[in-house]
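User: Could you take a close look at one part of this structure for me, the open sheet and what packs around it? I'd be glad of one connected walk through it, with the rest of the chain as background.

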Amino acid sequence: MDVSRLKRSWSAVAAHGDQVPLYFYSTLFLTHPQTRQMFPTNMAGQRDRLVAALGHIVSQVDQVDRLAGYLQELGADHRKFAVRAEHYPAVGQALLATLRHFLAEAWTDELAQDWSAAYGLVAKVMTEAAQAAEAVQPPWWVAEVVGHERRGFDVAVLTVRPQYLLPFTPGQSIGLSHPALRSWRYYSPANAPRADGTLELHVRAVPGGAVSSRLVYGCAVGDQVHLAAPVGDGLTLSSAGSANLLLLAAGTGWAPLKALVEQVAAEESPRRVDLYVGFRSPGECYDAEGLDKLAASYPWLTVTQVAGLDLQRPGEFVYPVDRALADGDWRSRHVYVCGSDDVVALTVAALTRAGYHRGQLHHEDPGQRWYGPAWRSAVSTSPVPDERGGAR
């Protein structure tokens, strides 16, 4: 398998943009129509995730150890779509047909062998991971909505109780779907694990977002939802040791950082924690009561709310990182960042310029997983960047 040849061929195919996933799914559904029911009615987001995932896999195909963990998690996670071992050959056939179509005369027998070998390895790892996961956890959990609070026009805080305990680590994300939909979105619980197993979820309705809109506007106490196994470790405390923390949140990106605060409290560790939470305006702070309660409960925690828009400073927009860097030097701390992809990228760039090193910055990498882009699928096109937390 010639890795450089694989990467060059994928770059040539990816240059065709949206036509690639469109051709792939059209081929898959025409040749194997039984697979159509596994996908949402609106395929726009799914098409984006296919290209992102393939790009990620191809870019690391020569780093088997790193890629294996990603594929194992992906294989176990895809059980929630009812993906079985017999579906992988169908996907492989559609993939090879797509590559052959866009590479045209550049498609050779050698490339066909390379891609067949690469896909065979991917399918093997994902299939084995799915089989191993079957022995320890279900494809999804059924949960009851036991609390539903509207905290604004487009924000709701849900409390759900799984029928069976769903283990997770603060900072991870959990897949959520409504039984009436075939779409999943990932949300980070805003709490550390509780004795009663309930999860607090902060949801902002995204224009065109079937899952988020259903959860905010069309969900009520007593409804059932489906939950998928937790994923991700970018925001967990495992790599921070006993260090003091700086937490930077935007909008509903506050949810996983709230869970981290609860974890620190439960561990009774001697950490200092400074938290900056940003909203576009003071009126958009949907969890002000929760912030005030935490600040009053723990002397080791300092909470600062940051209103991005200020009528006294027209044309300026202040992010949590701006305020934090103005307030002090935090380079001895581990820093956790959560919000929309744009805000995370902006924050990491600002911290890097200020001398913070990569090992102390913790966040989920935008676009690195099939489920990653779905967390924050809305990207603002307004002159003022949207710091509300995207689709979380």
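Analyst: Happy to. Two strands are taken as paired if DSSP finds at least two bridges between them. This is a predicted model, and in it an open sheet of five strands runs in the order E9-E8-E7-E10-E11, with parallel pairing. The edges belong to E9 and strand E11 (361-362); each has a single partner strand, so one side of each is left without a neighbour in the sheet.

Let's start at the E9 end. E8 and E9 are joined by seven bridges in the parallel sense, and one place to find this pairing on your screen is Tyr276, whose bridge partner in E9 is Thr304. In a regular strand the side chains alternate between the two faces of the sheet.

Now see what lies against these strands. Helix H10 spans residues 320-327, and its buried residues are Pro320, Val321 and Ala324. They cover an arc of only 90 degrees around the axis, which puts them on the same side of H10. The general rule behind such a pattern is that an α-helix has 3.6 residues a turn, so residues three or four places apart point the same way. The cover over the buried residues of H10 includes three strands, E7 (245-250), E8 (273-279) and E9 (301-307), together with helix H11 (341-353).

Aromatic rings come next. A pair of aromatic rings is described by the distance of the centres and the angle of the planes. Counting ring centres within 6.5 Å, the model holds nine aromatic pairs. In one of them, Phe279 and Tyr286 have ring centres 5.9 Å apart and planes at 85 degrees, so this pair is edge-to-face. Phe279 is buried at 3% relative accessibility, and Tyr286 is buried too, at 7%. Tyr298 and Trp300 make a stacked pair, with 4.9 Å from centre to centre and 20 degrees between the planes. Here Tyr298 is partly exposed, with a relative accessible area of 24%, while Trp300 is buried at 15%. The cut-off for buried is under 20%, so Tyr298, at 24%, falls in the partly exposed class. Elsewhere in the chain, ring pairs link Phe24, Tyr25 and Phe29 into a cluster.

One loop by this sheet deserves a stop. Glu268 sits in the loop between helix H8 (254-267) and E8. Its phi is near 50 degrees, a positive value in a residue other than glycine. Most residues other than glycine have a negative phi. Glu268 is exposed, with a relative accessible area of 71%. Ala104 also has a positive phi near 50 degrees; it belongs to the loop between helix H5 (88-103) and helix H6 (109-134), and at 48% relative accessibility Ala104 counts as partly exposed.

If you are thinking about cysteines, two are worth finding: Cys285 is buried, with a relative accessible area of 11%, and Cys338 is buried at 2%. A disulfide is a covalent bond between the sulfur atoms of two cysteines. A search of the whole structure finds zero of them.

For background, here is some antiparallel pairing. Strand E1 (residues 141-150) and E2 pair in the antiparallel sense over seven bridges, with Glu149 bridged to Val157 in E2. E1 and E2 form a hairpin with four residues between them, and Gly152 in the turn has a positive phi of about 150 degrees. Six bridges join E2 to strand E5 (residues 199-204), again running antiparallel, and Val155 has Arg204 as its bridge partner in E5. Strand E2 (residues 155-162) is mostly covered, with six of its eight residues buried.

Arg204 also turns up beside a helix. Ser212, in helix H7 (residues 210-217), is in contact with Tyr187, Val203, Arg204, Ala205 and Val206, leaving aside neighbours within four places in sequence. Ser212 is buried at 3% relative accessibility, and a polar atom of its side chain lies 3.5 Å from the backbone oxygen of Gly209.

To set all this in the whole chain: there are 12 helices and 11 strands, and 53% of the 392 residues count as buried. Among contacts between residues at least 6 apart in sequence, 75% join residues at least 24 apart.

Technical notes. Residues are numbered from 1 along each chain as its sequence is written. This is a predicted model: local features need pLDDT of at least 70, side-chain atom pairs count only at pLDDT 80 or more; totals for chains, interfaces and linings use all residues. Side-chain values use heavy atoms; hydrogens and water are left out. Rings of Phe, Tyr and Trp (its six-membered ring) pair if their centres lie within 6.5 Å; planes under 30 degrees apart count as stacked, over 60 as edge-to-face and the rest as tilted. Buried means under 20% relative accessible area, exposed over 50%, partly exposed in between (1.4 Å probe, protein chains only). Helices (H or I, at least four residues) and strands (E, at least two) are DSSP runs, numbered from the N terminus. The arc is that of the directions from the helix axis to the C-beta atoms. Contact means heavy atoms within 4.5 Å. A polar contact is a pair of N or O atoms within 3.5 Å; within protein, one must be able to donate a hydrogen and the other to accept it, and residues adjacent in sequence count only if both atoms are side-chain atoms. A disulfide is a pair of cysteine sulfur atoms within 2.5 Å.
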